[in-house]
Amino acid sequence: MTKTVFITGATSGIGKATAEVFAQNGWDLIIVGRRGKRLYDLQDHLRKAYKNEVDVLSFDVRNLAEVKENLENIKDKLGRLDVLVNNAGLAAGFDRIQDGKTEDWDTMIDTNIKGLLYITKQIVPYFIERGKGQIINIASTAAKVVYEKGNVYCATKFAVDALSKSMRIDLLPHGIKVTQVSPGAAETEFSMVRFKGDKDLAKKTYEGYQPLTGVDVASAIYYTATLPDHVCINELEITALAQANSTHVFRK
Ligand code: NDP
Ligand code: 8X3
């Protein structure tokens with residue numbers, strides 16, 4: 001039977017690449033993001049290229065009412081869902097703690113922690129009902145080691161790390177796998193978002209070394225979903241060869 005994956009943050013970067021990799025491998029998809037036009041373009045592309053079933057849900061993961069309403073509308077599909085990829089997330093700003101903007105903190109906390117929780121809360125009952133399923137949370141190297149000016153972003157990813165570990169314990173009796181994938185620097189729209197459209201600052205992030213691509217990370221995510229039912233990758237950290245951890249990148 002065809003498998004189905006639900007991917008948040010599929011309009012760009014790692015999430016979009018993840019949609020492509022699962023589609024290439026014959027999976028049906030439910031893709032989520034705020035930018036509807038991008039989701040419909042991706043749906044069109046994936047349907048034509050791979051003939052998969054692709055459902056689009058355009059909403060903001062921070063809004064609990066929108067999360068509930070959108071997921072309620074596809075409950076038949078959720079009843080046969082195999083994998084949830086909690087990928088939607090962002091860094092907003094790059095300031096020392098004393099200079100940080102509270103709006104940026106709210107955006108990161110609401111998206112990276114609360115959004116992930118809202119989506120998970122709605123989907124877990126379907127997995128429990130089936131007695132199986134896999135949650136793949138996208139954390140970061142910033143979930144393990146903090147860096148200068150990373151403060152609140154790192155804190156949200158440390159929270160994801162704690163949630164992945166807790167979810168794994170809570171959901172074990174229900175046969176649900178919880179996998180955390182922690183990428184290092186990947187050249188996506190991430191830095192453009194963090195630096196609020198400043199192209200030069202975004203470009204600088206990836207200068208002097210070869211960063212990961214969205215596809216590199218997507219291939220690792222997909223791998224974790226291909227294992228036998230009794231095998232779970234709990235943690236997978238993936239970085240560019242030039243990166244040892246979130247504070248140490250070797251630049252030429
Ligand atoms: P991108 O900016 O390219 O993609 C982020 C995705 O998240 C977009 O599809 C965006 O969609 C979605 N998103 C953001 N906010 C919301 C929201 N409120 N509701 C719904 N969707 C939302 O960045 P990446 O692909 O790099 O980031 C994906 C994940 O990977 C994030 O969790 C990030 O923290 C993590 N990560 C990234 C790394 C990197 O170096 N790039 C390294 C480690 C982790 P839209 O704007 O259309 O809503
Ligand atoms: C995103 C990568 O290094 O900016 O998690 O934290 S980094």
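In the UniProt record, an unreviewed entry, residues 57-84 are listed as a "coiled-coil region". The structure discussed here is a predicted model, and it offers a geometric view of that annotated span. In the model, the C-alpha atoms at the two ends of residues 57-84 are 14 Å apart. Helix accounts for 46% of the span and strand for 14%.

Two lysines invite a closer look at the backbone. Most residues other than glycine have a negative phi. Lys149, however, has a positive phi, near 70°. This lysine sits in the loop that runs between β5 (133-138) and α6 (151-171). Lys149 counts as partly exposed because 16 C-beta neighbours fall inside 10 Å, between the limit of 12 or fewer for exposed residues and that of 20 or more for buried ones.

Lys196 also is not a glycine and has a positive phi, here about 55°. Its place is the loop between α7 (190-194) and α8 (199-204). With 12 C-beta neighbours inside 10 Å, Lys196 meets the cut-off of 12 or fewer and therefore counts as exposed.

Attention turns finally to the surroundings of ligand 2. The residues around this ligand are Ser140, Thr141, Ala142, Gly150, Ala185, Phe190 and Ser246. In terms of side-chain class, the shell around ligand 2 comprises four polar and three nonpolar residues, with no charged residue among them. Phe190, one of the residues around ligand 2, carries the number at which α7 (190-194) begins.

Notes
Residues numbered from 1 in each chain as written. Chains lettered and ligands numbered in written order. Predicted model: local features only at pLDDT ≥ 70, side-chain atom pairs only at ≥ 80, totals over all residues. Helix = DSSP H or I, 4+ residues; strand = E, 2+ residues; numbered from the N terminus. UniProt positions renumbered as here; feature names shortened; annotations may be inferred. Near = placed C-beta within 6 Å. Nonpolar A, V, L, I, M, F, W, Y, C, P; charged D, E, K, R; others polar.
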